Amino acid sequence: MAIFPQTRARTSAPYSAAVRLPSLRYIGPNWYATVMGTAIVAGAGAALPLHVPGLRVACTVVWALSALLLVAVLAARAGHWSAHRDQARAHLLDPAVAPFYGCLAMALLAVGGSTMVVGRDVIGHRAALAVDVVLYSAGTAIGLAVAVAIPYLMVVRHRPAPGTASPVWLLPVVAPMVSAALGPLLVPELPAGQWREGMLLACYAMFGLSLLATLTMLPLIFARLVHRGPLPLALTPTLFLVLGPLGQSTTAVGQLADVAPGAIGAPYASALGAFAVLYGVPVMGFALLWLALAGSMVVRALRGGMTFSMTWWGFTFPVGTCVTGAAGLARHTGLTAFAWLAVALYVLLVSAWAVAALRTLRGLVSGALLAAPQAPRPVTARTT
């Protein structure tokens with residue numbers, strides 16, 4: 001989602017370098033955001049607490065598109081690592097790029113979850129379950145590894161300067177929260193007893209892991225905004241990434257409460273149902289506050305000359321998690337207000353996805369998104 005600094009290729013190169021695929025050199029891990037943003041459109045649409053004619057079919061089509069995107073981006077990234085290992089290593093050691101490796105885990109998880117929710121209408125429950133088990137297992141393993149590896153690199157190699165915290169830092173630590181939110185889809189498929197309870201509590205452990213890491217980083221991000229001013233224009237959409245752990249954690253507690261009665265004893269199951277509301281309502285309130293703040297900053301950036309970049313995909317997945325979070329609160333509280341909130345957020349999600357997808361397709365056709373990035377223009381947003 002960020003515009004990555006790159007080194008230009010040499011004009012004269014040996015034959016072995018000439019046969020490389022130059023278009024893959026600039027395919028960074030941020031491209032997995034296109035998969036995440038597309039899959040969440042399908043999953044969030046299926047979660048809406050109302051029936052809209054044709055919505056299920058549309059969600060199924062979008063799910064199929066997300067699956068194709070996942071295969072395409074995985075292949076492109078494999079080609080990137082194979083043909084441009086120097087650039088791949090440079091990405092991993094770049095503090096502005098490395099956090100996007102969390103997107104790989106979330107892309108796998110998002111497609112797996114949407115397969116279980118809407119893809120089963122096409123491929124059947126058994127095949128959907130097999131796909132979800134594979135993608136969930138891989139996504140969770142990668143997400144947990146990234147949640148440790150990227151903060152480790154930040155400490156021992158990246159060493160970011162004080163006051164440079166970015167919302168992008170949340171990407172590695174929010175991946176386990178996605179596992180916590182989508183794990184409940186698999187709980188009923190496990191044998192009753194130890195297996196179900198173990199899976200349920202493992203999801204709560206990942207919920208806590210991600211939540212506490214997020215609470216550690218959020219003050220740094222807000223302090224950076226207050227003390228150093230708005231983000232650069234191209235990075236302004238990353239402010240929406242803060243919505244990811246907020247909406248996804250609200251979704252997680254709601255989904256886990258749904259499956260708790262069949263996985264754990266009655267005293268705990270009822271307590272977890274109450275926790276879903278007691279936690280979800282205040283966090284959703286903060287998410288709406290941040291949505292208003294981030295939206296205002298985006299409007300300011302647009303007035304200041306912000307143009308399209310891959311960061312615009314930050315408008316999709318985080319908003320989608322708020323859709324599923326609001327839908328869960330509507331289910332647990334019975335309040336119509338939460339149902340309409342979910343619908344309103346879903347309209348915002350689909351609109352943002354359509355714009356980002358159209359601009360990305362245009363950039364791919366023109367080759368602009370596959371070319372070497374140019375240095376950012378010295379443009380700042382207007383103060384009014």
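In the predicted model, Arg25 and Asp86 are joined by a salt bridge in which the closest N and O atoms are 3.1 Å apart. Arg25 lies in the loop between helix 1 (15–18) and helix 2, whereas Asp86 belongs to helix 4 (residues 85–92), so the pair ties together parts that are 61 residues apart in sequence. The two partners are placed in unlike surroundings: Arg25 counts as buried, because its relative accessibility of 9% falls under the 20% limit, while Asp86, with a relative accessible area of 37%, is partly exposed.

This pair is one of three salt bridges held by the structure. In another, Arg56 is bound to Asp121, with 2.6 Å between the closest N and O atoms; here too distant parts of the chain are linked, Arg56 being in helix 3 and Asp121 in helix 5, 65 residues apart. Arg56 counts as partly exposed at 34% relative accessibility, and Asp121 is likewise partly exposed at 44%. A further salt bridge is formed by the side chains of Arg331 and Asp258, at 2.7 Å from N to O. Since Arg331 lies in helix 11 and Asp258 in helix 9, the pair ties together parts that are 73 residues apart in sequence. Arg331 is partly exposed, with a relative accessible area of 44%, and Asp258 is also partly exposed, with a value of 35%.

Helices 9 and 11 also take part in the lining of the second largest pocket, which has a volume of about 580 Å³. Of the 31 residues that line this pocket, Gly43, Val117, Leu182, Leu185 and Gln255 are the closest to its centre. At least two lining residues are supplied by each of helix 2 (32–47), helix 5 (102–123), helix 7 (170–182), helix 9 (243–259) and helix 11 (317–333), and the largest share, seven residues, comes from helix 9. In terms of residue class, the lining comprises 15 nonpolar, 11 polar and five charged residues.

On the surface, a nonpolar patch is formed by Leu50, Val52 and Trp340, which together have about 290 Å² of accessible area. Leu50 is located in the loop between helix 2 and helix 3 (55–83) and is partly exposed, its relative accessible area being 33%.

Arg359, a residue of helix 12 (residues 336–366), is partly exposed at 32% relative accessibility. Its C-alpha atom is separated by 8.5 Å from that of Ser309, although Arg359 and Ser309 are 50 residues apart along the chain.

Conventions:
Residues are numbered from 1 along each chain as its sequence is written. This is a predicted model: local features need pLDDT of at least 70, side-chain atom pairs count only at pLDDT 80 or more; totals for chains, interfaces and linings use all residues. Side-chain values use heavy atoms; hydrogens and water are left out. On a 1 Å grid over the protein atoms alone, a cavity is a set of points where a 1.4 Å probe fits but cannot get out, and a pocket is an open set with protein on both sides within 12 Å along at least five of seven lines; lining residues have an atom within 4 Å of a point. Grid points are joined across faces, edges and corners, and a volume is the space filled by probe spheres set on the points. Helices (H or I, at least four residues) and strands (E, at least two) are DSSP runs, numbered from the N terminus. Ala, Val, Leu, Ile, Met, Phe, Trp, Tyr, Cys and Pro count as nonpolar, Asp, Glu, Lys and Arg as charged, and the others, Gly among them, as polar. Patches are made of residues with over 30% relative accessible area and no salt bridge: like charges are joined within 9 Å, nonpolar side chains (Val, Leu, Ile, Met, Phe, Trp, Tyr) within 5 Å. Accessible areas come from the Shrake-Rupley method with a 1.4 Å probe; for residues, only the protein chains shown count as cover. A salt bridge is a side-chain nitrogen of Lys or Arg within 4 Å of a carboxyl oxygen of Asp or Glu. Buried means under 20% relative accessible area, exposed over 50%, partly exposed in between (1.4 Å probe, protein chains only).
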